[in-house]
Amino acid sequence: MIIIVPHYSMNRAYLITGGNLGNRAANLARALQLIGREAGSIVAASALYETEAWGKTDQPAFLNQAVIIDTLLTPQALLHLLLNIEKEIGRIRHQKWDARLIDIDMIFYNDIILNEPDLTLPHPFFHERRFALTPMQEIASDFVHPVLKQTVSKLLQACPDPLAAHRIV
């Protein structure tokens, strides 16, 4: 069941979807469909980008996509919904950085800064991961990180991650 918590205005959320198991492109397309149907309207979606696995490297390459949505959900309600979408697609959580059918991370929610046990905004490692920065740069290059006070484009230029993100679609 989805609970919509009313707000007086629409909120903008920036997401990264990814996966490295099964039909990766189909899983990302399914995630995009479910996000658009259940979370809010899709404002923009990047191309798909392929990157070698980050963190735990002995696994298949990932496909990633950045998505911007307008939503009436609070950050916590949106997180709950995204976790349910992951489960619906078939994600089973084993260990950190393990192979997965789908992963949906909330990177930004408007320009709020939030530090709760189950949700930190902006995503604390976004600026260190080229696989997230590259697709986000495509659709939100001028968005200013609320903590680091730099645009996504500037963060990508300074990113220490050596793994290239290759545009495939």
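Modeller: A helix here is a DSSP run of H or I with at least four residues, a strand is a run of E with at least two, and both are numbered from the N terminus. The model itself is predicted. With these terms, lysine 149 can be placed in the loop between H3 and H4.

Colleague: What makes lysine 149 exposed, partly exposed or buried?

Modeller: Its relative accessible area is 62%. The cut-off for exposed is over 50%, so lysine 149 counts as exposed.

Colleague: What is unusual about the phi of lysine 149?

Modeller: Lysine 149 has a positive phi of about 55°, although it is not a glycine. Most residues other than glycine have a negative phi. Asparagine 110 is also not a glycine, and its phi is positive, at about 50°. Asparagine 110 stands in the loop between E5 and strand E6 (114–116).

Colleague: Why is asparagine 110 called partly exposed?

Modeller: Its relative accessible area is 24%. Buried requires a value under 20% and exposed one over 50%, so asparagine 110 falls in between.

Colleague: How is the peptide bond from leucine 121 to proline 122 described?

Modeller: This bond is cis, with omega near -10°. Most peptide bonds are trans. Proline 122 belongs to the loop between E7 and H3.

Colleague: How do you know that H3 is mostly covered?

Modeller: Helix H3 spans residues 130–140, and nine of its eleven residues are buried. The buried ones are Arg130, Phe131, Ala132, Leu133, Thr134, Pro135, Met136, Ile139 and Ala140. What covers them includes E1, strand E2 (41–45), E3, E4, E5 and helix H4 (152–158).

Colleague: Which residues touch the most other members of the largest nonpolar core?

Modeller: They are Leu15, Leu78 and Met106, in a core of 26 residues. At least two residues of this core come from each of strand E1 (11–19), helix H1 (24–38), strand E4 (62–71), helix H2 (75–89), strand E5 (103–109) and strand E7 (119–121). The largest share, seven residues, is supplied by H2.

Colleague: Which residues does leucine 15 touch?

Modeller: Leaving aside residues up to four places away in sequence, leucine 15 touches Ile35, Gln65, Ala66, Val67, Ile69, Leu82, Ile104, Asp105, Met106, Ile107 and Met136. There is also a second, separate core of 19 residues, which includes Phe126, Phe131, Met136 and Ala140.

Colleague: Why are H1 and H2 called oblique to each other?

Modeller: Two packed helices are described by the angle between their axes and the distance between the axes. The axes of H1 and H2 come within 10 Å and cross at roughly 140°. An angle must be over 145 degrees to count as roughly antiparallel, and 65 to 115 degrees would be roughly perpendicular. The angle of H1 and H2 fits neither range, so the pair counts as oblique. Their crossing is right-handed.

Colleague: Which residues of H1 and H2 meet?

Modeller: From H1 come Asn27, Arg30, Ala31, Leu34, Ile35, Arg37 and Glu38, and they meet Leu81, Leu82, Ile85, Glu88 and Ile89 of H2. By kind, the residues of this contact are seven nonpolar, one polar and four charged.

Colleague: What makes proline 162 exposed, partly exposed or buried?

Modeller: Proline 162, in the loop between H4 and E8, has a relative accessibility of 75%. That value is over 50%, so proline 162 counts as exposed. Its C-alpha atom is separated by 7.8 Å from that of arginine 130, although the two are 32 residues apart along the chain.

Colleague: Where does valine 169 lie, and how is its accessibility classed?

Modeller: Valine 169 lies in the segment after strand E8 (166–167). Its relative accessibility is 61%, so it passes the 50% cut-off and counts as exposed. Even so, valine 169 touches Ala47 and Leu48, not counting residues up to four places away in sequence.

Colleague: Why is leucine 72 called partly exposed?

Modeller: Leucine 72 is in the loop between E4 and H2. Its relative accessible area of 36% lies between the 20% and 50% cut-offs, and therefore it counts as partly exposed.

Note on methods
Residues numbered from 1 in each chain as written. Predicted model: local features only at pLDDT ≥ 70, side-chain atom pairs only at ≥ 80, totals over all residues. Heavy atoms only, no water. Core = buried A, V, L, I, M, F, W, Y, C linked by side-chain atoms within 4.5 Å. Buried < 20%, exposed > 50% of the residue type's maximum accessible area, 1.4 Å probe, protein only. Contact = heavy atoms within 4.5 Å. Axes fitted to C-alpha atoms, helices over the stretch in contact; angles between N-to-C directions. Parallel < 35°, antiparallel > 145°, perpendicular 65-115°, else oblique. Left-handed = near helix turned anticlockwise from the far one by under 90°. Nonpolar A, V, L, I, M, F, W, Y, C, P; charged D, E, K, R; others polar.
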